[in-house]
Each structure stands twice: as structure tokens, then as C-alpha cells.
Amino acid sequence: GAMLFRDNCSGCHTLAAAGSAGSANRAMRNQGPNLDERVETEEDVLYAIRNGGFSGALMPQNIVTGEEAEAVAQFVADYAGSEVDRPPQPGQ
């Protein structure tokens with residue numbers, strides 16, 4: 001998932017686990033969200049991949065498909081939100 005993300009998504013999205021900084025220009029309209037600052041579920045990532053993000057206007061639809069899309073979604077869900085202050089979960 002990390003290499004697929006790097007090859008297909010890192011031009012627009014920041015995610016430290018993939019070593020990507022997007023275009024590092026948050027003022028650009030086509031800059032994808034900083035995924036270090038967002039918690040994402042695998043289902044939401046798959047939705048975004050299939051539908052061109054959530055606005056449907058800027059991200060290419062189906063930039064990866066099938067098992068590759070699932071691998072990217074799992075990778076992003078596992079590592080997104082590293083800069084989000086999350087409260088401890090019960091039992092931890």
C-alpha cells in the first residue's frame with residue numbers, strides 16, 4: 001500500500017508514513033488533504049478513490065482499482081491521523 005500510495009497519491013496528499021508532502025502548498029485548490037491531520041477509515045478511503053474524493057471534482061476517479069485500491073485504503077486507514085490527538089481507547 002505504501003508504494004502504491006507514493007506512486008499514485010503523494011503528488012497531492014501528505015502522509016508521513018509514505019514519506020510524502022503533497023505539493024506542500026495548501027493554498028492550491030488541487031492540493032489533497034494532509035492525511036497526517038485526518039483520521040480516515042478504509043471505507044472512506046475506498047469511497048474517495050472510487051469517486052474522485054468527496055467533492056468529486058478534483059481527484060481522479062479510480063486512480064487505483066481492485067486489490068491495489070484496497071491496499072492503498074488499508075495503508076491510509078492504518079497511518080492517517082498521526083498528528084491527531086486521539087483520546088485513549090477503553091482498555092488501553
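**Figure 1. Asn62, a partly exposed residue between two helices.** At 41% relative accessibility, Asn62 counts as partly exposed, because that label covers values from 20% to 50%. In this predicted model, Asn62 sits in the loop that links α2 to α3. Take a look at its backbone too: the phi angle of Asn62 is positive, at about 50 degrees, although Asn62 is not a glycine. Asn62 also appears among the contacts of Ile49, a residue we will meet again in Figure 4.

**Figure 2. The whole protein, from one end to the other.** Let's step back for a moment to see where the close-ups belong. The protein has three helices and two strands, and starting at the N terminus the order is α-β-β-α-α. The helices are α1 (2-8), α2 (42-51) and α3 (66-79). As for the strands, β1 covers 14-15 and β2 covers 20-21. Of the 92 residues in the protein, 30% are buried. About 5800 Å² of the protein is exposed, and carbon and sulfur atoms supply 48% of that area. How much of the contact list links residues 24 or more positions apart? Among contacts with a separation of 6 or more, such pairs account for 45%.

**Figure 3. The largest pocket and its lining.** This pocket has a volume of about 510 Å³. Its lining is made of 27 residues, and those closest to the centre are His13, Gly32, Pro33, Gly53 and Met59. Three helices, α1, α2 and α3, each give two or more residues to the lining. Which of the elements gives the most? That is α2, with four residues. Sorted by chemical character, the lining has 15 nonpolar, eight polar and four charged residues.

**Figure 4. The largest nonpolar core, with Ile49 as a guide.** In soluble globular proteins, nonpolar side chains tend to be buried together. Here, the largest nonpolar core has 15 residues. Phe5, Leu15, Leu35, Ile49, Val72, Phe75 and Val76 have the most contacts inside this core. Both α2 and α3 supply at least two core residues each, and the largest share, five residues, comes from α3. Now follow Ile49 outwards, skipping its neighbours within four places in sequence: Ile49 is in contact with Met59, Pro60, Gln61, Asn62, Ile63 and Val64, and also with Ala69, Val72 and Ala73. Met59 in that list is also one of the residues closest to the centre of the largest pocket.

**Figure 5. Ser10, a buried residue in a loop.** Ser10 lies in the loop between α1 and β1. Is Ser10 buried or exposed? Ser10 is buried because its relative accessible area is 17%, and the cut-off for buried is under 20%. Beyond its neighbours within four places in sequence, Ser10 is in contact with Phe5, Ser20 and Gly22. Gly22 is twelve residues away from Ser10 along the chain, with 5.3 Å between their C-alpha atoms. Phe5, another of these contacts, belongs to the core shown in Figure 4.

**Figure 6. Asn34 and Glu40, two buried residues in one loop.** Asn34 is in the loop between β2 and α2, and Glu40 is placed in the loop between β2 and α2 as well. Asn34 counts as buried because its relative accessibility is 12%. Glu40 is buried too, since its relative accessible area is 10%. Which residues touch Glu40, leaving aside its neighbours within four places in sequence? They are Leu35, Val45, Val76, Ala77 and Ala80. Two of them, Leu35 and Val76, are named in the core of Figure 4. Both loop residues also have a partner far along the chain to look for. Asn34 and Glu83 are 49 residues apart in sequence, with a C-alpha to C-alpha distance of 9.9 Å. Glu40 and Tyr79 are 39 residues apart in sequence, and their C-alpha atoms are 8.7 Å apart in space.

**Figure 7. Gln74 on helix α3.** Our last stop, Gln74, is found in helix α3. Gln74 is partly exposed because its relative accessible area is 43%. Look across to Leu46, which is 28 residues from Gln74 along the chain: the two C-alpha atoms are separated by 8.9 Å. The helix that holds Gln74 is α3, the element that supplies five residues to the largest nonpolar core.

Conventions
Residues are numbered from 1 along each chain as its sequence is written. This is a predicted model: local features need pLDDT of at least 70, side-chain atom pairs count only at pLDDT 80 or more; totals for chains, interfaces and linings use all residues. Side-chain values use heavy atoms; hydrogens and water are left out. Buried means under 20% relative accessible area, exposed over 50%, partly exposed in between (1.4 Å probe, protein chains only). Contact means heavy atoms within 4.5 Å. Accessible areas come from the Shrake-Rupley method with a 1.4 Å probe; for residues, only the protein chains shown count as cover. On a 1 Å grid over the protein atoms alone, a cavity is a set of points where a 1.4 Å probe fits but cannot get out, and a pocket is an open set with protein on both sides within 12 Å along at least five of seven lines; lining residues have an atom within 4 Å of a point. Grid points are joined across faces, edges and corners, and a volume is the space filled by probe spheres set on the points. Ala, Val, Leu, Ile, Met, Phe, Trp, Tyr, Cys and Pro count as nonpolar, Asp, Glu, Lys and Arg as charged, and the others, Gly among them, as polar. A nonpolar core is a set of buried Ala, Val, Leu, Ile, Met, Phe, Trp, Tyr and Cys residues joined through side-chain atoms within 4.5 Å.
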